[in-house]
Amino acid sequence: MITTVDNLESALGLDFSTACSELAEARFQQSCKDTPDNRAVVAEACARIDAVLDMYLDAVGRWR
């Protein structure tokens with residue numbers, strides 16, 4: 001699938017959606033088998049969501 005991104009808001013929205021999907025998958029895998037590796041993947045997915053939200057807040061601050 002090819003996605004075209006027109007602006008920063010769209011790019012961050014796409015990144016956020018992707019990160020949320022990855023977190024859902026990571027949590028599912030952890031619920032199937034709770035291992036240190038699966039816990040690490042969940043933590044990485046949460047960190048990615050935090051990073052995207054931080055970028056969004058930084059961008060919004062510049063727009064105002």
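**Two helices and their salt bridges**

The chain has two helices and zero strands. This is a predicted model. Helix α1 covers residues 8-32, and helix α2 covers residues 36-63.

Start with the chain as a whole. It holds 64 residues, and 19% of them count as buried. The accessible surface comes to about 4900 Å². Carbon and sulfur atoms supply 55% of that surface.

Next, the contacts. Take those in the chain with a separation of 6 or more. Residues 24 or more positions apart account for 55% of them.

Now the charged pairs. How many salt bridges does a search of the whole structure find? The count is two.

One of them joins E22 and R48. Their closest N and O atoms are 2.6 Å apart. E22 lies in helix α1 and R48 in helix α2, so this pair ties together parts that are 26 residues apart in sequence. Are these two residues buried or exposed? E22 has 40% relative accessibility, so it counts as partly exposed. R48 has 30% relative accessibility and also counts as partly exposed. Both values fall between the limits of 20% for buried and 50% for exposed.

The side chains of D34 and R39 form a salt bridge as well. Here the N to O distance is 2.8 Å. R39 has a relative accessible area of 41%, which means that R39 is partly exposed.

To retrace the path: the chain has two helices, and the salt bridge between E22 and R48 links helix α1 with helix α2.

Note on methods
Residues numbered from 1 in each chain as written. Predicted model: local features only at pLDDT ≥ 70, side-chain atom pairs only at ≥ 80, totals over all residues. Heavy atoms only, no water. Helix = DSSP H or I, 4+ residues; strand = E, 2+ residues; numbered from the N terminus. Buried < 20%, exposed > 50% of the residue type's maximum accessible area, 1.4 Å probe, protein only. Contact = heavy atoms within 4.5 Å. Areas by Shrake-Rupley, 256 points an atom, 1.4 Å probe, with all protein chains shown as cover. Salt bridge = Lys/Arg side-chain N within 4 Å of Asp/Glu carboxyl O.
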